[in-house]
Amino acid sequence: MNANKKNQVVSFKIGRELFGVYIHMVQEIVRVPEITPVPEMPIFVEGVINLRGKIVSIVDLNKRLKIGESVKSRSNRVLIVEVEKKVIGLLVDAVTEILRIPPEAIEPAPDIATAVGTEYIMGVGKMPDKLIILLDLKNILNPEEIRKLSTDERAGSGKGNHLEAAA
């Protein structure tokens, strides 16, 4: 990994909280496109998008982290990330900036209960003027949820394939 990217974090807002993920985990950041709902998905899955011909499941981090309903606005963004070899989109309220957080400024997740379950938190970045909760993307979705989001599995079920041919 490039040493310059090692301590870089993409910071974003969910509700009033500031979160971050390491930049090497983010493939791209896009405006929110049309999201197509998919039946029988977990409550925090908004649906899927077509990202340059690839179907990507969209997870609403507000709902996933149990912070509340996301407020739809022009500042909403989707972070395209890869978790356990699956590309997913994370819907956030706004991307704020890319920060460099030195390792010594990162504290382990606090034992006290925060607004977010501690299983999702990798640590807390202490900046001079703010705290950034660093998310552990490997724990955002459990293996069963990742399997459910797998478009390969749904496509292999034979549902919907005849519609594509007709279109």
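Leaving out neighbours within four places in sequence, Asp136 touches Tyr120, Ile121 and Met122. That's a handy way into this predicted model. Asp136 sits in the loop between strand S11 and helix H3, which covers residues 137-140. Does Asp136 come out as buried or exposed, and what is its nearest side chain of opposite charge? Asp136 is buried, yet has no salt bridge: the nearest side chain of opposite charge belongs to Lys138, 5.0 Å away. A salt bridge here needs a Lys or Arg side-chain nitrogen within 4 Å of a carboxyl oxygen of Asp or Glu, so that pair doesn't qualify.

**The sheet**

Let's step back to the fold. The protein chain has six helices and eleven strands. Six strands form an open sheet with mixed pairing, in the order S8-S1-S2-S11-S10-S9. The edges are strand S8 (94-100) and strand S9 (106-107); each has a single partner strand, so one side of each is left without a neighbour in the sheet. Strand S2 (residues 17-22) and strand S11 (residues 131-135) run parallel as a pair, joined over two bridges. Phe19 stands opposite Ile133 in S11.

**Salt bridges**

Side chains of opposite charge can pair when their charged atoms come close. How many salt bridges does a search of the whole structure find? The search gives six, and the table shows three of them.

| Pair | Closest N to O | Citation |
|---|---|---|
| Lys63 and Glu46 | 2.8 Å | salt bridge |
| Lys130 and Glu97 | 3.2 Å | salt bridge |
| Glu107 and Lys126 | 3.0 Å | salt bridge |

Take Lys63 and Glu46 to start with, a salt bridge at 2.8 Å between the closest N and O atoms. This pair links distant parts of the chain, with Lys63 in helix H2 (residues 61-64) and Glu46 in strand S4, 17 residues apart. Lys63 counts as partly exposed, at 23% relative accessibility. There's also a network here: Glu46, Lys63 and Lys72 are linked by salt bridges.

Next come Lys130 and Glu97, whose side chains meet at 3.2 Å, N to O. This pair, too, links distant parts of the chain: Lys130 is in the loop between strand S10 (121-126) and S11, Glu97 is in strand S8, and they are 33 residues apart. Lys130 is partly exposed at 24% relative accessibility, and Glu97 is partly exposed at 33%.

Then there's the salt bridge between Glu107 and Lys126, at 3.0 Å from N to O. Glu107 lies in strand S9 and Lys126 in strand S10, so the pair ties together parts that are 19 residues apart in sequence. Glu107 is partly exposed at 36% relative accessibility, and Lys126 is partly exposed at 41%.

**A proline in a loop**

Pro37 lies in the loop between strand S3 (26-31) and strand S4 (45-51). Pro37 is exposed, with a relative accessible area of 64%. Not counting residues up to four places away in sequence, Pro37 touches Glu46 and Gly47. Glu46 also belongs to the salt-bridge network with Lys63 and Lys72. Pro37 and Ile58 are 21 residues apart in sequence, with their C-alpha atoms 9.5 Å apart in space.

**Whole-chain numbers**

Of the chain's 167 residues, 43% count as buried. Among contacts with a separation of 6 or more, 55% involve residues 24 or more positions apart. The protein chain exposes about 9800 Å², and carbon and sulfur atoms supply 53% of that area.

Key. Residues are numbered from 1 along each chain as its sequence is written. This is a predicted model: local features need pLDDT of at least 70, side-chain atom pairs count only at pLDDT 80 or more; totals for chains, interfaces and linings use all residues. Side-chain values use heavy atoms; hydrogens and water are left out. Two strands pair if DSSP finds at least two bridges between them. Helices (H or I, at least four residues) and strands (E, at least two) are DSSP runs, numbered from the N terminus. Buried means under 20% relative accessible area, exposed over 50%, partly exposed in between (1.4 Å probe, protein chains only). Contact means heavy atoms within 4.5 Å. Accessible areas come from the Shrake-Rupley method with a 1.4 Å probe; for residues, only the protein chains shown count as cover. Lys and Arg count as positive and Asp and Glu as negative; His and the chain ends are not counted.
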